[in-house]
Amino acid sequence: MGEVELSCRAYVKMYLHACLFPRCSINGLLLSSSPTGGAVCVTDCVPLLHSHLPLAPITQLALTQVDVWCSQTQQRIVGYYQANACVSDNSPTPCALKIADKIAEQFDNAVLLMLDGSKMSPDYRVPPIVMYERKDSRWILKDKHTIMLRQWEETRAIASQMMESGDHTLLVDFDSHLDDITKDWTNQKLNTKIEELASPANGNI
Amino acid sequence: MKDLDIIIIIVHNRSGHVHDVSTAYVITKEKMASVAEMYDVGWEEMRDKLRKWREDNCRNSEQIVDVGEELISEHASKLGDDIWIIYEQVMIAALDCSRDDLALTCLQELRKQFPDSHRVKRLTGMRLEALERYDEANKHYDAILQDDPTNTAARKRKISILKAQGKSTEAIRELNEYLEQFVGDQEAWHELSELYINEHDYGKAAFCLEELMMINPHNHLYCEQYAEVKYTQGGLENLELSRKYFAQALRLNNRNMRALFGLYMSASHIAASPKVSAKVKKDNMKYAAWAATQINRAYKLAGRGTKENKCSMKTVEEMLESMQITMS
């Protein structure tokens, strides 16, 4: 189907989310601030949960809140990501498919992204992600060649650097926000840090 | 001495890859100052911190490794008999961070000191688990159980192995058998509830949480988790139960935001249902309105000051408003 572009900011925050809770299954939403039509540009993400992913209330609450935030900030929810606790199995779980289905109801070209924990070590050269797209009511593996990460080397370097300097501890997911509502699940501070690290010559982050 | 029977853990997880042992360890050793220097603490504080983490059963393995490693390598002689339980604590944390070098060092000291101990044998098994040598690990645990059939730690490790191998059905079966004998084991009941939730067997998860609430009626987290499971099961009866237990969780801890939101959402859904009587609808709208006020108040308090938090507050306000519209 169509092309999907993953921005540095979206990738780095997903990666840091997975690093912050390495022993848990984690998930989150993928957002886009670009107009529809053409390639899907994932420009940001919102980390959601690190516990009880299949349970409904908090997921529903988070989806609603993110929806509202998106309409306030001219973004839309275009996808969903998940990383399983057990690294030997990175296939989408029933709850992943359910949430992705819900997103696809509102956005035709929704993507489902699974992070592959076994490929996340600092020296791994290839993006540790597997993407799925919706075709005939089923989620099928997306052709690798339709997935773009601009400036991958730089993105990878930023992600590694931030993890090593402990910046992943700054990340707030929706779960953490509910534990302490003064924490910001839109992660503005982290976004700023990522921007600072990205090269100034790169306009489209 | 309290048996360090930690939560059942899947030892082989993402952290093993994220903290790449070969490169990361060397780099951090050269770059970082000692923990004592960085935080200006003496060895006694470090030892006390470790004790607190042991007592609270915290899984902050990276911190335990940082503090413990330094304490062991530089202050071992001062620790007296405490050193053995510290070796055990640091070893388990080291396994959790894929620091096999450190884990082995600790294990070897423990083996020297306690050559025939079941407790140390179990640690040997855990290290084998971390190296994914599950068959060997199982042999160790079976040997312990041959000698001592009541050894709960060995049984739990065997269940952890099943979980690590993705054999959820077997893990669930074994854990159920275990609980028939050891009915009061909260940690095990909680683990079982998590396994059931992951298998989407909400009825059985609810049962486990009911047992937990019986054992520990003042724990607001169990009430709130039970409410979440009931909400997920859906249907009017379950929604009403969920609302009751969200309310109970709030009574036990009025700062539990999940319970507050849960109360709001369950009451709203009940009020919006065409199947309820006018009285039930009215009552639930009252509960929902109360919850909404509390939520708004909490967010206003949280939002004072920073720009970022005002964003959360606005979002919640709008969300509550939009949900009210669909209700009426």
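A residue is counted as buried when its relative accessible area is under 20%, as exposed when that area is over 50%, and as partly exposed in between. In the structure described here, which is a predicted model, B:Lys156 has a relative accessible area of 5% and is therefore buried. The side chain of B:Lys156 meets that of B:Glu187 in a salt bridge, with a distance of 2.8 Å from N to O. Because B:Glu187 belongs to helix H12 (residues 186–198) of chain B and B:Lys156 to helix H10 (residues 152–164) of chain B, the pair ties together parts that are 31 residues apart in sequence.

The region of chain B spanning residues 121–230 carries, in an unreviewed UniProt entry, the feature "domain: EMC2 TPR-like". Over these residues the chain is 81% helix and 0% strand, and the C-alpha atoms at the two ends are 41 Å apart. A further salt bridge of chain B is formed by B:Asp201 and B:Lys204, whose closest N and O atoms are 3.2 Å apart. B:Asp201 has a relative accessibility of 25% and counts as partly exposed, and B:Lys204, at 43% relative accessibility, likewise counts as partly exposed.

In chain A, an open sheet of six strands with mixed pairing has the order S4-S2-S5-S6-S7-S8. Its edge strands, each of which pairs on one side only, are strand S4 (44–49) and strand S8 (138–141) of chain A. On average, and with direction ignored, neighbouring strands of this sheet are turned by 30 degrees against each other.

Within the sheet, S2(A) and S5(A) run antiparallel and are joined by seven bridges, and the bridge partner of A:Leu29 in S5(A) is A:Tyr80. S5(A) and S6(A), by contrast, run parallel and are joined by five bridges, with A:Gly79 standing opposite A:Val111 in S6(A). Between these two strands the chain passes from S5(A) through H3(A) to S6(A), in a β-α-β crossover that is right-handed. Towards the edge formed by S8(A), strand S7 (residues 129–135) of chain A is joined to S8(A) by four bridges in an antiparallel arrangement, and A:Tyr132 has A:Leu141 in S8(A) as its bridge partner.

Helix H3 (residues 94–106) of chain A lies across strand S2 (26–32), strand S5 (76–83), strand S6 (111–115), S7 and S8 of chain A, and runs at about 170 degrees to S5(A). S5(A) itself is mostly covered, seven of its eight residues being buried.

Over all chains, a search of the whole structure finds 31 salt bridges. One of them joins the side chains of B:Glu62 and A:Arg23, at 3.3 Å from N to O. This pair crosses between chains, from B:Glu62 in helix H5 (residues 61–75) of chain B to A:Arg23 in the loop between helix H1 (8–20) and S2 of chain A. The two partners fall into separate accessibility classes: B:Glu62 is partly exposed, with a relative accessible area of 29%, whereas A:Arg23, at 18% relative accessibility, counts as buried.

Note on methods: Residues numbered from 1 in each chain as written. Chains lettered and ligands numbered in written order. Predicted model: local features only at pLDDT ≥ 70, side-chain atom pairs only at ≥ 80, totals over all residues. Heavy atoms only, no water. UniProt positions renumbered as here; feature names shortened; annotations may be inferred. Pairing = 2+ DSSP bridges. Axes fitted to C-alpha atoms, helices over the stretch in contact; angles between N-to-C directions. Contact = heavy atoms within 4.5 Å. Buried < 20%, exposed > 50% of the residue type's maximum accessible area, 1.4 Å probe, protein only. Right-handed = clockwise from strand over helix to strand, strands pointing away. Salt bridge = Lys/Arg side-chain N within 4 Å of Asp/Glu carboxyl O.
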